[in-house]
There are 2 protein chains.
Amino acid sequence: MNNKVYFTPGPSELYPTVAQHLQEAIAQKIGSISHRSKQFQEIYASAESGLRELLQLPDEYEVLFVASATEVWERAIQNNVRRESFHLVNGSFSKRFFETARELGREAHVQEVPFGHGFHVESITIPETAELVALIQNETSSGASMTVEEINQIRDKAPADALIYVDAVSSLPYPAFDYSRVDSVYFSVQKCFGLPAGLGVWLVNDRCLAKARQMQEEGLSIGSYHTLPSLLEKALQSQTVETPNVLNIYLLAKVVADMNHKGADQIRQETEAKAARIYTFLEQSKLFTPAVEQPAHRSKTTIVANTTLPASEVNKHLAQYDLQVGSGYGKYKETQIRIANFPAHSIEQVEKLLEKLKELES
Amino acid sequence: MNNKVYFTPGPSELYPTVAQHLQEAIAQKIGSISHRSKQFQEIYASAESGLRELLQLPDEYEVLFVASATEVWERAIQNNVRRESFHLVNGSFSKRFFETARELGREAHVQEVPFGHGFHVESITIPETAELVALIQNETSSGASMTVEEINQIRDKAPADALIYVDAVSSLPYPAFDYSRVDSVYFSVQKCFGLPAGLGVWLVNDRCLAKARQMQEEGLSIGSYHTLPSLLEKALQSQTVETPNVLNIYLLAKVVADMNHKGADQIRQETEAKAARIYTFLEQSKLFTPAVEQPAHRSKTTIVANTTLPASEVNKHLAQYDLQVGSGYGKYKETQIRIANFPAHSIEQVEKLLEKLKELES
């Protein structure tokens, strides 16, 4: 029996109801049902409508299931960029999206600020030729984030035809986006949705779909099975092109229903309350300091701290109490810790974590 | 509680030990562990070494995990075909691989025989320019299969540099391939491995990897995160590029260990014994006939029968006894049934199925 509470930034602690939903999935033999059956279509439709309610998604958006957020980067470039994309980069994951565009032979422009910094919207210059503008609402590697207000200002700075993509991999459902000000938002289920990994959710509006169709009509290759038109065709039947991760779509439907029962506002309030506790602790700590200097750019869901004690030592101490935080990302592995503050983490668990981190100071 | 036994050709009946392994995964919180942790690397290594043993895979092969067999089609073309591929087509899935090559802008050649027919090796002509030869060992849509002996003859008919790909999506671990006579074999876990869907396994030899590297060095785009070199780099560390379906890799490791405990030979003998029972029944039936005429080309794992009673009526009858077979594929939906004969299906379950199918004759 493993009683550890995972504050790692994904995979992370599972949402408290997941174990029970998995028991039900076993009893109902969800792993055996056909992905072409009515039963599967109902599961898909339930996940989709639940997400529409939770995120307050407008009708012009489609909910598409792919294998990972990493896959979304590739499909976004293939389907929505003829030649040029533009990327805000302030950490490892925003950089990977930029590199993906290069690997796929596109001219990718970049505006980069140091790891852990946020962006000042007034200083962002988007090339007139940019077809896709990649924003990173929450940089999981560094804990820097953009506010929804900042994101909303981008539309007026971007070319009229440019599609605005928002990486919310490790923050949704926390940010209350104005979906009319952007074109696509994507996330992974193993972060704030508290599910096992193996499913990416790609929200796209009609502008993204129209662009993909245009490119296809011009004879450009936009991929094979996971083009936007192919994904949409099946999504309209509450199905997927390939045999998908049925079990995870089932669990997503269930957890999203639980979240709707609780309410998005309540989840946001709890997220903010827990984040406030964590940042207050970090600011008062002798060992830790918030890694993101500017408070407005500090993530509420993936909180990164500089640590004077090596991250591995911090986790060694925490392990005695069945607790684990994430180590820093890449070259920050030992000099930073990352604390996931997801809906799965209760305020009591956060309090216990902070208490045990505090012990390290004495 | 769902007590149905699924003879559908994937997703299908789960391997009998899966429910217990899922319980252990819940207790061990496998859904929460990091895909960069030592614990995950051990799970990955266990799945890989187990597969190497079960399939008797030579050292020059790598075991790569992707999202689905559908993804393998795309990655194979991107990584291993500059211009031309060649496809044997005798059903819907072999056709999809061919279409994938076209969608990706390649010149795809095809040799097609009618749905449900096998190939006569002597009549196969492979163009000298073919870089990839796509064989379909087991066509899940029609129940036609190639024998290992037939597959082994292809090497001598193919250009020396051509890479021979074998679709064993719904047959491995049954076929005892001579891996030195082919270059890549791929399968999905929701078929004969009796797992929930959401994971494809791509076995590639050093020739496939060398070709991908050559193409990359020539400046051709071979994709982004799931290029063969990227997949290999992480596989050598027992990791994946993206956050994968950790839970399914865990379950695969466990089920493969169970299969090794039983032994590949035993699994093959049982598969043949059950297939013999099913085909004997079909040949003697007044309602059903084997859809594949030539006995040598009849699949042992996905058995397709023509039915005079609509497939939906057959399943309505079976539902009373908590049994389900697959309907026919595509336009054969009502005129054929498909019976999965996977390692998860016991001889007792097969006997019960045949008994209930027989009732329909009276």
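**Notebook: contacts, helix packing and backbone geometry**

I began with His317(B), which, apart from its neighbours within four places in sequence, is in contact with Lys356(B), Glu359(B) and Leu360(B). The model I am reading is a predicted one. I placed His317(B) in helix H10 of chain B. Its relative accessible area is 13%, so I entered His317(B) as buried, the cut-off being under 20%.

I then turned to Tyr321(B), in the loop between H10 and E13 of chain B. Setting aside neighbours within four places in sequence, I found Tyr321(B) in contact with Lys352(B), Lys356(B) and Glu359(B). Lys356(B) and Glu359(B) are thus listed for Tyr321(B) and also for His317(B). Tyr321(B) has 25% relative accessibility and therefore counts as partly exposed. I also looked up its separation from Tyr250(B): the two are 71 residues apart along the chain, and their C-alpha atoms are separated by 33 Å.

**Backbone entries**

In the loop between helix H10 (311-319) and strand E13 (323-327) of chain B I located Asp322(B). Its phi is near 60 degrees, a positive value in a residue other than glycine. I recorded Asp322(B) as partly exposed, with a relative accessible area of 33%.

In chain A I noted Ser238(A), which is not a glycine yet has a positive phi of about 55 degrees. Ser238(A) sits in the loop between helix H7 (228-235) and helix H8 (246-262) of chain A. With a relative accessible area of 15%, Ser238(A) is buried.

Next I checked the peptide bonds. The bond from Gly10(A) to Pro11(A) is cis, with omega near -5 degrees. Pro11(A) belongs to the loop between strand E1 (5-7) and helix H1 (18-27) of chain A. In chain B, Gly10(B) and Pro11(B) are joined by a cis peptide bond, with omega about -5 degrees. I placed Pro11(B) in the loop between strand E1 (5-7) and H1 of chain B.

**Helix pairs**

Two packed helices are described by the angle between their axes and the distance between the axes. I looked up one pair in each chain.

In chain B, helix H1 (residues 18-27) packs on helix H8 (residues 246-262) at an angle of about 130 degrees, with the axes 10 Å apart. That angle makes H1(B) oblique to H8(B). I noted the crossing of H1(B) and H8(B) as right-handed. From H1(B) the contact takes Val18(B), His21(B), Leu22(B), Glu24(B) and Ala25(B), and from H8(B) it takes Leu247(B), Tyr250(B), Leu251(B), Lys254(B), Val255(B) and Asp258(B). Sorted by class, the contact of H1(B) with H8(B) has 7 nonpolar, 1 polar and 3 charged residues.

In chain A, helix H3 (residues 69-80) and helix H6 (residues 206-217) pack at about 60 degrees, and their axes are 8 Å apart. H3(A) and H6(A) are therefore oblique to each other. The residues in contact are Gln78(A), Asn79(A) and Asn80(A) of H3(A), together with Cys208(A), Lys211(A), Ala212(A) and Met215(A) of H6(A). By class I entered 3 nonpolar, 3 polar and 1 charged residues for the contact of H3(A) with H6(A).

**Buried positions in chain A**

For helix H5 (residues 148-157) of chain A, I listed Val148(A), Glu150(A), Ile151(A), Asn152(A), Ile154(A) and Arg155(A) as the buried residues. What covers the buried residues of H5(A) includes strand E5 (132-136), strand E7 (144-145), strand E8 (163-167) and H6 of chain A.

I then examined Tyr186(A), in strand E9 (residues 184-188) of chain A. Tyr186(A) is buried, with a relative accessible area of 0%. Beyond its neighbours within four places in sequence, its contacts are Ala69(A), Val72(A), Trp73(A), Phe97(A), Tyr165(A), Val166(A), Asp167(A), Ala168(A), Val169(A), Val201(A) and Trp202(A). One of these, Trp202(A), is 16 residues from Tyr186(A) in sequence and 4.6 Å away in space, C-alpha to C-alpha.

**Cysteines**

How many disulfides does the structure hold over all chains? I recorded 0. I also looked up one cysteine position in each chain. Cys192(A), at 1% relative accessibility, counts as buried. Cys192(B) is likewise buried, with a relative accessible area of 1%.

Conventions: Residues numbered from 1 in each chain as written. Chains lettered and ligands numbered in written order. Predicted model: local features only at pLDDT ≥ 70, side-chain atom pairs only at ≥ 80, totals over all residues. Heavy atoms only, no water. Disulfide = S-S within 2.5 Å. Buried < 20%, exposed > 50% of the residue type's maximum accessible area, 1.4 Å probe, protein only. Axes fitted to C-alpha atoms, helices over the stretch in contact; angles between N-to-C directions. Helix = DSSP H or I, 4+ residues; strand = E, 2+ residues; numbered from the N terminus. Parallel < 35°, antiparallel > 145°, perpendicular 65-115°, else oblique. Left-handed = near helix turned anticlockwise from the far one by under 90°. Contact = heavy atoms within 4.5 Å. Nonpolar A, V, L, I, M, F, W, Y, C, P; charged D, E, K, R; others polar.
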